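Colleague: Please take a close look at one part of this model for me. I would like to follow the aromatic contact and what surrounds it.

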Amino acid sequence: MDQPSYPPTRRRARDLGIVIGRTPAGPLDAITDVPGVRIGHTTVRREPDVHSGVTAVVPDGVGPGTPLPAGVFTGNGYGKLVGTTQLTELGTLETPVLLTSTLSAFRVADALVGWMLRRPGCEGTQSLNPVVGECNDGFLSDIRSRPVLEEHVRAALDGASGGPVAEGCVGAGTGTVALGFKAGIGTASRTPHVGERRFTVGVLVQANFGGTLRVLGRTLTPRSLGLGPDDAAPAAETGSCMIVVATDAPLDARQLTRVARRAVFALARTGAAYSHGSGDYAVAFGTRPGPLVADTELGALFEAVLDGVEEAVLNSLLAATATTGVHGRTVPALPADLLLDALATPATGPG
């Protein structure tokens, strides 16, 4: 079924008492805590072989005539992040940021351009830089069928809203796998004090990368949790992660690039392998003008991003459900009860 779907709610990291870092989270602990940021998902699932979709990060009012300051960082460039060069060159974001499956990225970019050209204020637009990221969901989904169509993109964009964000097996995260477990979309937020001002930093991840999961310093694998062999997921040499960071802190493109860099660094905390075949990217944008934050005061924002990304990855795992996909492959979910039991057990060495 093709649907703007929302999987059953599962407990998030904070619901389990797993708190990462010292900076308070926002009310929703989600990227939508940043004022003016909306999220839309369309899930494309046709059992047993298609588990895919598209996720839209939509800042209010963004367009070619009203761009937002933005930065991008590439941790490992084995990926198809559409729109990178102009984003780097000009430091401005002209469209929503869309996430999808690797071979659907180009169709999604075309659909995003069409959607933008029909927006008020774009009647005379002759140049537009769509930003579309991707992860390879081909371990669980028939990626060659390129199942994400224009109608799915429009549904995600038109249905984008504030409020709680669906996580796990939804939208662009429907078929993704990370750190040996079924993963997907995850989000988190922080509200750091920067000098005498308080700002909000929100992150959203499309987790699909290799490595060995670490939670609060503990190494965990499907085998260590009694879920079966550790080779049920793709090899560590494959996979990617797309990270989107939004903030209402007034930053310029150079500073936002520094923020994006920390977002990719944060994956190391979760056990990321940063392997040859992994496309690890972050796009960071600002939503509010004003006197720029001084570089000497950026430390609190950097810490907020590091903590937020780590938590968002864990949320993507906790929200996901075990999935059987193409060729009968099955990837286990990360059960909350087994995770808590493992964290409560004295460490005896690697998982």
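**The aromatic pair and its strands**

Modeller: Phe 265 has a relative accessibility of 41%, so this residue counts as partly exposed. Keep in mind that the model is predicted. Now to the ring partner. A search of the whole structure turns up one aromatic pair. Phe 73 and Phe 265 form this pair. Their ring centres are 6.0 Å apart. The planes meet at 75°, and the pair is edge-to-face because that angle is over 60 degrees. The pair links distant parts of the chain. Phe 73 sits in strand 4, while Phe 265 belongs to helix 4, residues 253-265. In sequence, 192 residues separate them.

How covered is Phe 73? Its relative accessible area is 19%, so Phe 73 is buried. The cut-off for buried is under 20%.

Next, follow strand 4, which spans residues 68-77. Strand 4 pairs with strand 17 in the antiparallel sense, over seven bridges. One bridge joins Ala 70 to Phe 285 of strand 17.

Strand 17 runs over residues 277-286 and is mostly covered. Ten of its ten residues are buried. Both faces are covered. One side holds Gly 277, Gly 279, Tyr 281, Val 283 and Phe 285. The other side holds Ser 278, Asp 280, Ala 282, Ala 284 and Gly 286.

Rings also meet charges here. Arg 262 lies over the face of Phe 302, 4.0 Å from the ring centre. Likewise, Arg 329 lies over the face of Phe 139, at 4.7 Å from the ring centre.

Methods: Residues are numbered from 1 along each chain as its sequence is written. This is a predicted model: local features need pLDDT of at least 70, side-chain atom pairs count only at pLDDT 80 or more; totals for chains, interfaces and linings use all residues. Side-chain values use heavy atoms; hydrogens and water are left out. Buried means under 20% relative accessible area, exposed over 50%, partly exposed in between (1.4 Å probe, protein chains only). Helices (H or I, at least four residues) and strands (E, at least two) are DSSP runs, numbered from the N terminus. Two strands pair if DSSP finds at least two bridges between them. Rings of Phe, Tyr and Trp (its six-membered ring) pair if their centres lie within 6.5 Å; planes under 30 degrees apart count as stacked, over 60 as edge-to-face and the rest as tilted. A charge sits over a ring if NZ of Lys or CZ of Arg is within 6 Å of the ring centre and within 35 degrees of the ring normal.
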